[in-house]
Amino acid sequence: MIAWHKLQASLKDKYDCVGKHTEKGIDFLDKYSNFLKKRCDIEGNYANELKRLVKNFQPKKKEEDDYQFTAAQGFLNMLKEVHDMAGQHEVIAENTQQQLIVDIQKCVIELKQERKKALVEGSKVQDQLKNVLRQLENSKKNYEKKFLDSERALEAFKRADADINLSRADVEKTRSTSMRRQQECEDSKNEYASQLQTTNKFQHEYYTQHMPQVFKQLQDVDERRITKMKMAIEGSAGIENNVLPIIKSCIDGMNKAAAGVNHDEDTRLVIEKYRTGFQIPGPIPFEDLSNGPSANSNNVINTPDNRTVSKNSNKAGTIGKKKKNRSGILKIFGTTNQKDEPPAQRKAKLLKKIDEIRGKIEHETNEREGMIKMKEVFTNNNQLGDPNTIIKQLEKNAETLNQLQSELKKIQDALMEAENEMSGTTTLGRHGSDDSMTPSVTSIDSNNVQVSAPGTPSQLHQNQEEYYDPRYSYNYGPVEDPAQEPEPFTPDPEFDVEYPVIGSCRALYPFEATAEGAVNEGSVSMTENEEMSVLEQDQGDGWTRVRRSNNEEGFVPTSYIQCHFYDQDAV
């Protein structure tokens, strides 16, 4: 390492330039700090703009049906990766601010203080050198003056001593003056010699000790500034390097999203979405006009849905005639003419409603289990609570479960009707359907409700016998008169609401939607690290509703997934 103080002979006339250099160096370090500040602002704004872009392109509720296709799912998965990349730009901004900018600003303040201290010390020793040089100059001038005075006094004495006209007293006076001048000259000479010795000594110390020490301090300041600059650039590169694996993972996720786009699957979904389920119409009979008009050919035609209608009906015709509105559960689809809707489309909607109601039955059953346990605790210890309040809640819960089972039965009847239309068989009425299709779960014994093993949803036990428990003093069972027509079902508008995508999640562990060999109602399987859309948050029962990439919806254990909700993004 080259020391500045070893070059002091070369730098002795450039002390001010060295001081200016250190000042420029500190200002340059501060300039780099300002650069990092603006970089942080750009990274933060870029991250916010990316998140706002992702949020703006999330599917609207009316567009959710279009996002079941693999191309749209690939776009959604790409948006998730872009959102994660935006988070990494936020990390760059935060780490740069906390790890680099704060440290650089602190270092700049310290370097300015150390530089100021070194310059004060340098100014002090420079002033001391100037002072001793000035004293040396004064003593030298005094010595020169005394020497000239002594020479003039000696010349005057010599002239007086040679002049015979002067008295003895005048000669003696001249001699005395000459001797005094010589003594003064000798004294000034000694003073000059002493001052010269002092000056030379201080000058030597100035160039060998004082100024080298000042240069050493300035050198330390400048080298520390350079080292800090090097560390800051390395730190900035390190912060970028730390997020590269995550950014690379996001890019891999985009490639995976692109690989998941399948035109065959999208074609299948389009067919499934728009297929009618009608049977192929029969052949059109030949009309032989030479044999006269045929009553059958003139009055009967086949419709595209394989129905036979008469041509001689009113002008509107059977085909164009507005048919009677379907009442009951089919009103939930928001249409006044369900017969005009293809049976395949009705079947898809009915299956979706069945899944929703089964999920609600699952939720209500889990709540019932908790209330039963809580009632037992309150019964054993009245100080913890009044068990009568739990009884009222159990009664309300039983009423809700009965209503849900009734709704489920009606929807299943409508599903059977749609399937019969698709197969071309006779449609059964609601009471003529096979009861084995929907076993009654309206009688639920609180003591017989099974609590599932950890990680699997609980199952309703279906019991045909009437439930009665004297502990609760209420009856929770089927309708007393089975032949009595149940009250017309009034659909809940909530059932017509499709769940919007409120966030995304990643599976931490694999999960199989099976329990004792049977598929759990409402739950779906998932694989480790699988990306899914969140449709409904955990309602306190430990389950979250999600949608898989294959458009399969259902519940998964909340503890098995890591969720991110879009409303948490502050833009």
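At what angle do helix α3 and helix α4 pack, and how far apart are their axes? In this predicted model, α3 covers residues 70-162 and α4 covers residues 168-259, and the two pack at an angle of about 170 degrees with their axes 6 Å apart. Since angles over 145 degrees count as roughly antiparallel, that makes α3 roughly antiparallel to α4. As for what sits where they touch, the residues of the contact divide into 41 nonpolar, 27 polar and 21 charged.

A second helix pair turns up further along the chain: α8 (residues 343-380) and α9 (residues 387-423). Here the packing angle is about 160 degrees, and the axes lie 9 Å apart. That angle makes α8 roughly antiparallel to α9, and the crossing of α8 past α9 is left-handed. Sorted by class, the contact of α8 with α9 brings together 24 nonpolar, seven polar and 12 charged residues.

Stepping back to the whole chain, the model holds nine helices and 11 strands. Of its 571 residues, 37% count as buried. Sequence-distant partners feature heavily in the contact list: among contacts with a separation of 6 or more, 71% are accounted for by residues 24 or more positions apart.

N551 gives a concrete case of residues far apart in sequence but brought together in space. N551 sits in the loop between β9 (543-547) and β10 (553-557). Q68 is 483 residues away from N551 in sequence, yet their C-alpha atoms are 5.6 Å apart. Is N551 buried, exposed or partly exposed? Its relative accessibility is 25%, so N551 counts as partly exposed; the buried class would need a value under 20%.

How far can the details be trusted? The mean pLDDT of the chain is 77, with 74% of the residues at 70 or more. Confidence peaks in helix α2 (residues 15-56), at a mean of 93, and bottoms out in strand β3 (residues 467-469), at 35. Two stretches call for some care. Residues 308-337 have a pLDDT below 50, and this stretch has 53 contacts in the model beyond near neighbours in sequence. The pLDDT is also below 50 over residues 426-497, a stretch with 146 such contacts beyond near neighbours in sequence. Where pLDDT is low, the predicted coordinates should not be read in detail.

Note on methods: Residues numbered from 1 in each chain as written. Predicted model: local features only at pLDDT ≥ 70, side-chain atom pairs only at ≥ 80, totals over all residues. Heavy atoms only, no water. pLDDT = per-residue confidence, 0-100. Helix = DSSP H or I, 4+ residues; strand = E, 2+ residues; numbered from the N terminus. Contact = heavy atoms within 4.5 Å. Axes fitted to C-alpha atoms, helices over the stretch in contact; angles between N-to-C directions. Parallel < 35°, antiparallel > 145°, perpendicular 65-115°, else oblique. Left-handed = near helix turned anticlockwise from the far one by under 90°. Nonpolar A, V, L, I, M, F, W, Y, C, P; charged D, E, K, R; others polar. Buried < 20%, exposed > 50% of the residue type's maximum accessible area, 1.4 Å probe, protein only.
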